[in-house]
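Please open the structure in your viewer and keep the selection tool at hand. The tour below proceeds one selection after another and says what is to be found at each stop.

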Amino acid sequence: MRPKTSFLFDLDGTLTDSVYQNVTAWKEALDSENIPLAMWRIHRKIGMSGGLMLTMLSRETGMKISEAQAKRLSEKHAEAYERTQDQIIALPGAVELLQTLTKEGFEWCIATSGEMDTAKINLKALDLKPDQINLVTRTDVTHGKPDPDLFLTAAEKIGAKIEDCLVIGDAIWDMLAARRCKATGIGLLSGGYDTSELERAGALRVYEDPLALLEHLDEVATRS
């Protein structure tokens, strides 16, 4: 029997247009703690876990971030992000892509570096409820991206071999995590990274957005 492709999706910037809301939310949180960081530098870190982001931030700025301050930053980011929820919408083709996969019998799971509170905001834009889909969040794993824990846990949740899974993501962190667990990375340009960056990080194919992936589904998906 031929293996059947399963799909593991990142959320922010992959299914929802929410990357730049994330950037501004982190900027607001950092500014409130008098931590200077240009927005373009914040953007380059979106998609990795918040904890790793703050570790890299400490390295770049030379500032020591205590556990208490890291907790405050995460809370302030979540509060600022929640205030942008009316701006967050599904990316073109995202809803139709998930509906098509379900209709055609493909297993899929969303694996996000965010926690449940922020995941719910994005899922609302997709007209999805957390208890009605396969979902893995940051609190379900020990390490966030670019470690592969999220995608390994997602594959296990849907009963798929990781080697038969496509990881769909918009950031290099998704592609690096896919490579580390021997899944196949498929990049989308909807998060602000360009084609060459995603390919260097391991993407087999790169498409503009979920709609473009849907239109080229036969290029990447194997039916059993």
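**Stop 1: Leu204**

Begin by selecting Leu204, which belongs to strand E8, residues 203-207. The model on display is a predicted one. Apart from neighbours within four places in sequence, Leu204 is in contact with Thr184, Gly185 and Ile186. Now add Trp173 to the selection: the two residues are 31 residues apart along the chain, and their C-alpha atoms are separated by 14 Å.

**Stop 2: the sheet**

Next, display the strands as a cartoon. In what order do the 6 strands of the open sheet run? The order is E5-E4-E1-E6-E7-E8, and the pairing is parallel. Strand E5 (135-136) and E8 stand at the edges; each has a single partner strand, so one side of each is left without a neighbour in the sheet.

Move then to the pair formed by E1 and strand E6 (residues 165-169), which is parallel and comprises 4 bridges. Select Phe9 to see one of the partners: its bridge partner in E6 is Ile168. On the next step along the sheet, E6 and E7 also pair in the parallel sense, over 4 bridges. Here Leu166 may be selected together with Thr184 of E7, which stands opposite.

Remain with strand E7 (residues 184-188) and colour its residues by burial. Of its 5 residues, 4 are buried, so the strand is largely enclosed by the rest of the structure. As a general point, the side chains of a regular strand alternate between the two faces of the sheet.

**Stop 3: the aromatic rings**

Select the aromatic side chains next. How many aromatic pairs does a search of the whole structure find? The search finds 2. One of them joins Phe7 and Phe9, whose rings are stacked, 6.1 Å centre to centre with 15° between the planes. Both of these residues, Phe7 and Phe9, are buried.

The pair of Phe7 and Phe106 is arranged in another way: the ring centres are 5.6 Å apart and the planes lie at 85°, so this pair is edge-to-face. Why does this pair tie together parts that are 99 residues apart in sequence? Phe7 lies in strand E1 (residues 6-9), while Phe106 lies in the loop between helix H5 (94-103) and strand E4 (108-111), and the link therefore spans that separation. Phe7 and Phe106 are both buried. Taken together, the ring pairs link Phe7, Phe9 and Phe106 into a cluster.

Before leaving this cluster, select Lys4. Its charged end sits over the ring of Phe106, 5.3 Å from the ring centre.

**Stop 4: Asn122 and Thr84**

Turn to helix H6 (residues 116-125) and select Asn122 within it. Is this residue buried or exposed? Asn122 has 0% relative accessibility and therefore counts as buried. Its side chain makes a polar contact of 3.1 Å with the side chain of Ser18. Beyond neighbours within four places in sequence, the residues in contact with Asn122 are Leu11, Asp12, Thr16, Ser18, Tyr81 and Ile88.

Tyr81 leads to the next selection, Thr84, in the loop between helix H4 (67-82) and strand E3 (89-90). A polar atom of the Thr84 side chain lies 2.7 Å from the backbone oxygen of Tyr81. Thr84 is buried, with a relative accessible area of 10%.

**Stop 5: helix H7**

Select helix H7 (residues 149-157), where Asp149, Leu150, Phe151, Ala154 and Ala155 are buried. What covers these buried residues? The cover includes E1, E4, E5, E6 and helix H8 (172-180). Just after H7, select Gly159, which takes a positive phi of about 70°.

**Stop 6: the cysteines**

Finally, select the cysteines. A search of the whole structure finds 0 disulfides. Cys165 is in none, since the nearest cysteine sulfur, that of Cys181, is 8.1 Å away, whereas a disulfide requires sulfur atoms within 2.5 Å. Cys181 is likewise in no disulfide, its nearest cysteine sulfur being that of Cys165. Cys165 counts as buried at 0% relative accessibility, and Cys181 is buried with a relative accessible area of 7%.

Technical notes:
Residues numbered from 1 in each chain as written. Predicted model: local features only at pLDDT ≥ 70, side-chain atom pairs only at ≥ 80, totals over all residues. Heavy atoms only, no water. Helix = DSSP H or I, 4+ residues; strand = E, 2+ residues; numbered from the N terminus. Contact = heavy atoms within 4.5 Å. Buried < 20%, exposed > 50% of the residue type's maximum accessible area, 1.4 Å probe, protein only. Phe/Tyr/Trp six-rings, centres within 6.5 Å; stacked < 30°, edge-to-face > 60°. Lys NZ or Arg CZ within 6 Å of the ring centre and 35° of its normal. Polar contact = N/O pair within 3.5 Å; in protein donor to acceptor, adjacent residues only side chain to side chain. Pairing = 2+ DSSP bridges.
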